[in-house]
Amino acid sequence: MGTFDILNIRNDFPILDRQVNGKPLIYLDNGATTHKPKQVIDAVVRYYADMNSNVHRGVHYLSQISTDAFEITRRKVQAFINAAHDHEVIITKGTTEAINIVATCYGRPFIGKDDEIIISAMEHHSNIVPWQMLCEEKGCKLRIIPMNERGELDLDGYRSLFSERTKLVSFTYVSNALGTVNPVKEMIDIAHRYNVPVLVDGAQAIQHLAVDVRALDVDFFAFSGHKMYGPTGVGVLYGKEELLNKMPPYQGGGDMIKDVTFEKTTYNELPFKFEAGTPNIEAGICLAEAIDYINSIGLDAIKEYEDGLLAYATEQLARVEGLRFIGTAAHKSSVISFVVDGIHPYDIGVILDKLGIAVRTGHHCAQPVMDGFQIPGTVRASLAMYNTAEEIDALTSGVERAVRMLK
Amino acid sequence: MTINEIQDELIEDFAFYQDWMEKYEYIIQLGKEVPLIKEEYKTDDYIIKGCQSKVWLYPELRDGKVYFTADSDAIITKGLVSLMVKVLSGHPAQEIAKADLYFIDQIGLKEHLSPTRANGLLSMVKQMKLYALALGAKS
């Protein structure tokens with residue numbers, strides 16, 4: 001584990017030197033995607049310059065080295081999340097595909113009419129819609145874990161949702177719209193008392209908190225590479241071996257087969273059963289660099305720094321007149337969502353953009369959350385390890401300036 | 001004034017503002033001058049899709065000319081729709097439908113015209129021209 005040196009870290013991210021609208025870029029939209037350190041960018045170039053070849057196919061040298069590199073990523077992910085086996089790590093396009101694999105390959109065979117799936121009131125659309133599609137197809141039902149006004153899940157309400165019809169639970173580790181860190185271990189244990197498997201959406205957790213899938217005893221865990229300083233177009237579905245083995249393949253095609261005749265196809269083993277077709281090889285290989293990068297700083301150091309920055313940002317923004325935080329959970333990570341009385345979030349976003357400050361405005365793909373708070377959307381600043389207190393000061397004065405203009 | 005004369009006047013107005021801040025302040029000011037849509041028309045029937053904020057637009061045909069009233073829940077979007085109303089409202093349907101809105105580029109708002117922009121300026125323009133065509137066909 002290294003030491004946390006913010007200047008060194010910022011130097012690793014070339015994009016942070018650029019200007020936007022004539023102002024130095026202040027990037028606070030990390031919940032949408034993070035920037036990439038030069039180690040990852042260089043690896044992408046190196047892949048195409050040195051080893052470009054298809055994986056798991058060729059006997060030739062380049063195919064072997066790209067296959068080896070791709071499999072190194074799988075083992076690095078395994079170690080990063082402390083999975084028991086590397087074949088429990090399925091390389092996907094991203095979190096959305098990972099959740100869809102579970103909805104399709106676990107949902108279709110094992111969830112039937114009148115069965116119930118529990119999700120929470122703070123889910124991203126990606127962890128709502130695949131289940132709704134399954135419910136339409138199979139006649140099963142969604143049950144929603146309620147949330148309080150601070151944006152915390154109601155665990156008594158959660159317990160009361162279980163019955164013999166409950167077949168799966170799926171919820172987010174960290175809310176993308178509110179920043180709430182859910183008590184995942186406790187929630188998983190509750191589900192397991194009813195023998196119900198649990199999928200955790202880790203898209204907003206994996207870059208901020210150390211995740212140990214075995215300590216959590218989670219059944220499925222999904223996340224994306226591009227939100228953890230890695231390339232776009234790659235993500236991970238972790239699943240317990242026993243469950244993944246029970247599930248049919250996701251898509252048919254190359255790589256997922258053992259033997260194909262026109263009469264019958266036998267499927268390949270884990271993890272390839274779920275990885276039909278040529279994957280995003282470059283992103284898959286270069287995800288390893290992002291993991292190495294995070295490990296070189298250390299997630300504990302990253303968490304400590306980001307938590308300090310979140311506390312500072314909360315304290316500073318609280319001084320803006322009329323500003324109201326949306327999501328004030330006791331345990332939060334890296335996300336500050338807010339509204340200002342009488343001002344549309346979109347207007348604030350436009351003015352901040354002109355000041356070179358990138359935030360997200362709108363419903364953040366979590367419309368039910370916004371409906372719950374009876375607002376059209378929020379302004380969301382989401383932090384990464386390279387953000388600084390000076391950037392938070394610029395955000396605060398930018399919001400104040402926007403409010404003066406827009407009132 | 002014709003549509004082009006109004007556009008030329010706006011280009012001159014905007015040339016006066018040097019930095020973006022003054023430009024946006026002017027747009028916000030324009031938003032306050034928009035002929036407001038009647039509350040009864042602020043329904044889903046008159047909402048413009050494709051905006052992160054809500055925009056309502058209502059067309060009316062009077063003496064062979066199309067008049068627009070509008071509103072938005074976001075103040076900058078309201079300024080943008082106000083600009084469009086200023087240029088297009090009160091002209092014959094045919095002229096609205098075939099108007100070349102060159103002023104948008106010239107006052108430095110071209111970035112807002114991209115179809116992927118959340119403010120929906122492009123959707124506003126499209127909808128205003130569609131309304132004009134529909135009302136023109138009726139008259």
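Buried means under 20% relative accessible area, exposed over 50%, and partly exposed in between (1.4 Å probe, protein chains only). This is a predicted model, in which local features need pLDDT of at least 70 and side-chain atom pairs count only at pLDDT 80 or more, whereas totals for chains, interfaces and linings use all residues. Residues are numbered from 1 along each chain as its sequence is written, chains are lettered from A and ligands numbered from 1 in the order in which they are written, and side-chain values use heavy atoms, without hydrogens and water.

Q: Why is A:F171 called buried?
A: The relative accessibility of A:F171 is 0%, which is under the 20% limit, so the residue counts as buried. A:Y158 is likewise buried, at 0%.

Q: What makes A:Y158 and A:F171 an edge-to-face pair?
A: Rings of Phe, Tyr and Trp (its six-membered ring) pair if their centres lie within 6.5 Å; planes under 30 degrees apart count as stacked, over 60 as edge-to-face and the rest as tilted. A:Y158 and A:F171 lie 6.5 Å centre to centre, with 80° between the planes, and the angle therefore falls in the edge-to-face class. The pair links helix 6 (residues 155-160) to strand 7 (residues 166-172) of chain A, the two residues being 13 apart. Helices (H or I, at least four residues) and strands (E, at least two) are DSSP runs, numbered from the N terminus. Over all chains, the search finds 19 aromatic pairs.

Q: How do you know that A:C135 and A:C140 are not bonded?
A: A disulfide requires two cysteine sulfur atoms within 2.5 Å. The sulfur of A:C135 is 3.5 Å from that of A:C140, its closest cysteine sulfur, and is therefore too far for a bond. A:C135 is buried at 13% relative accessibility. Zero disulfides are found in the whole structure. A:C105 is in none either, with the nearest cysteine sulfur, that of A:C140, 15 Å away.

Q: What makes strand 7 and strand 8 of chain A a pair?
A: Two strands pair if DSSP finds at least two bridges between them. Strand 7 and strand 8 of chain A share four bridges, in the parallel sense, so the condition is met. Within this pairing, A:V169 has A:V198 as its bridge partner. Strand 8 (residues 198-201) is covered on both faces: A:V198 and A:V200 on one side, and A:L199 and A:D201 on the other, are all buried.

Q: Why are strand 13 and strand 16 of chain A called edge strands?
A: An open sheet of four strands has the order 13-14-17-16 in chain A, with antiparallel pairing. Strand 13 (323-325) and strand 16 (360-362) each pair on one side only. Strand 16 meets strand 17 (residues 378-382) over three antiparallel bridges, and A:R360 stands opposite A:R380.

Q: What makes the charged end of A:K246 sit over the ring of A:F110?
A: The criterion is that NZ of Lys or CZ of Arg is within 6 Å of the ring centre and within 35 degrees of the ring normal. The charged end of A:K246 is 5.0 Å from the centre of the A:F110 ring, and this distance therefore satisfies the 6 Å limit. In chain B, the charged end of B:K42 sits over the ring of B:W56, 4.8 Å from its centre.

Q: Why is A:D114 called partly exposed?
A: Its relative accessibility is 35%, so A:D114 counts as partly exposed. Phi of A:D114 is near 65°, a positive value in a residue other than glycine. Most residues other than glycine have a negative phi.
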